Amino acid sequence: MRLGPSRAPLLVALLTAAGLGMPQYAHAAERSTLVGDPSGWRTRTADAGLSVQLFANLFPSWKLRGGATDEGGELGHSASYDLLVHADLGELAGMRGTTLLLHVKGQYDRNVNRDVGAISDPIDDADFDEPIYVDQLWAQQSFLGGRLRLRAGFLEQQTVFDRNAYANSEDLQFLGTFLDNGLVPLPNGLGIALIAAPTPWLELALGVVDGDNRPGRLGFDTAFDDVDSLTVHAEATFRASLRGPNGELPGNYRLGVYRDGRERVRFGTTQTRRGAWGAYLSFDQLVLREASAGGSPEGLGVFARAGRADPDTSAVEWLWSLGVSYLGLLPGRAQDTLALGLYQAIASDRFRAAHDPAFDRETGFELYYALALRPGLVVTPDLQWILDPGPTGAGRNAVIATLRVRLSF
Amino acid sequence: MPPWLAICGTAGVLLLVSGGCSLPAEERHERPLDAASEKEAHAVHSERLRRVMQSLDELARERLPQSLDVGAMREARLREVGRVAREIAARAGSIPAAAGAAEPEMFRDLVARTEDFQQRALALAASAEAGDARAAREKARALEDACTGCHEQFRPAHRSR
């Protein structure tokens, strides 16, 4: 299927306008799902401390121009689902401060990622075909009134580190990898995380996880073979609570360092090495709260990230991103989100010298409007423009349009 | 990790603890109060409210998957806050008699404080039932101030008797 590049903004505008024409459901139904609350089952289990949630995400995409392949349009598709079970064992069984999380997931197809050929996948979570696998399974115990939490099991470090209120989920927010997360390696595997909140405004997190695990694997064969393969994160989060005319304006300012336990090839050599170090910053801040927002975070939020990775083993040495996100911008559309993000990935000199001096930097823009059409159904027209997609100098400026459909059951 | 192993393991753990799930939270936490004195009930409700509020705060700080709808879990906790706050308000009227204030002036002061305490508990219940976690925290702090003020005033005398 071929679509002219000039039609992309028109297509996105038409889809958004069609969605805006539909009435939005009442705010009280925000937490509702497509199946609702049959016989009060969902409410009863939630009150008992058990939460079972199922989501499906569909990502039909069009690469309208440019990228790694020819100039023509390419149609792609990927999908994923998430089954999440969260149990508060304090409520369920009197085991105070103990929680359990199971996250089962499946995904298929690579969408248009290969056609675009960018370092930052325009459609995150389109990495491989796996009908079902365990993404997370961990238990957590809190101590000292919740000021200290110890989590152990099969962890997804993206849940713990380099978080961001406005740019951290391809299912809900930006689709592009470099807007969801920076350069930080966030493997899934056996590990532990310790989170301490000594004061209400400071939180410290330390995590150790197996850097060698692969999707679908239990990880016992790689987790304990070599200390050198452990990926370690340390992060400090400063919580700001500014006072605005319409109430509190929460914000989070994170500073982190990591040690990458994966085995990486050193550019220009045949040697490999583990233990590359990197550092990152990530902040989000609500800057404008709407007067009618009440307890909901309606308003304008801003975010930014920056990071540096090891130039010997990472094609991208520096990465920065920033953007804005507005929840409830249009009257009567309190649950819609309009967001714009921008990233720039700057190549490592050593990578350029070894592979392609023509690749200097990749820059991407992403604009989306998440339409909450009915309880449990969010449709998001999304437009991305990637300039000089790497990691070679041959990639041509690419335009990608996506219509994300998220179903909550 | 083989999904069947994780799913069976989690299901097993949940089955093991499902004894606690067989009754609604209200019955599990409140049934022991049936035979309790008003003083004991007041203490247990206060402790229960403190724990649920703490759990609400922990949830706000928790690092969970972005996909997870934390709002549904927050609403469940707020429902519990509202229910316990209403229970506290309903039993507040018995505090002056249960405290056993001997002097009339002290008793009048205790009644006035109790009425204020009751109103604050009802305000907390209303915020929690409206699903407004931010307002509920503020109202809970106001209720805690009433608790502290009353206990500081009357507990030392109560203990000395």
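Accessible areas are those obtained by the Shrake-Rupley method with a 1.4 Å probe. On this basis the accessible surface of chain B in the predicted model comes to about 8300 Å², and carbon and sulfur atoms contribute 56% of that surface. Of the 161 residues in chain B, 39% are buried.

The secondary structure of chain B consists of 7 helices, with 0 strands, so that, with helices taken as DSSP runs, the order of elements from the N terminus reads α-α-α-α-α-α-α. Among the contacts in chain B that have a separation of 6 or more, 65% join residues that lie 24 or more positions apart.

The interface of chain B with chain A involves 40 residues of chain B, which are in contact with 66 residues of chain A. The size of an interface is often given as the accessible area lost when the parts come together. For chain A and chain B the area buried between them is about 4300 Å², and 54% of this lies on carbon and sulfur atoms.

Charged and polar pairs also occur across the interface, where 7 salt bridges are counted between chain A and chain B. One of these salt bridges links B:Arg79 with A:Asp47, with a distance of 2.9 Å between the closest N and O atoms. In addition, 19 residue pairs, both members at pLDDT 80 or more, are in polar contact across the interface of chain A and chain B. On the side of chain A that touches chain B, strand 4 (residues 130-143) of chain A supplies the largest share, with 8 residues. By residue type, this side of chain A divides into 27 nonpolar, 21 polar and 18 charged residues.

How values were computed. Residues numbered from 1 in each chain as written. Chains lettered and ligands numbered in written order. Predicted model: local features only at pLDDT ≥ 70, side-chain atom pairs only at ≥ 80, totals over all residues. Heavy atoms only, no water. Helix = DSSP H or I, 4+ residues; strand = E, 2+ residues; numbered from the N terminus. Buried < 20%, exposed > 50% of the residue type's maximum accessible area, 1.4 Å probe, protein only. Contact = heavy atoms within 4.5 Å. Buried area = accessible area lost by both parts, 1.4 Å probe. Salt bridge = Lys/Arg side-chain N within 4 Å of Asp/Glu carboxyl O. Polar contact = N/O pair within 3.5 Å; in protein donor to acceptor, adjacent residues only side chain to side chain. Nonpolar A, V, L, I, M, F, W, Y, C, P; charged D, E, K, R; others polar.
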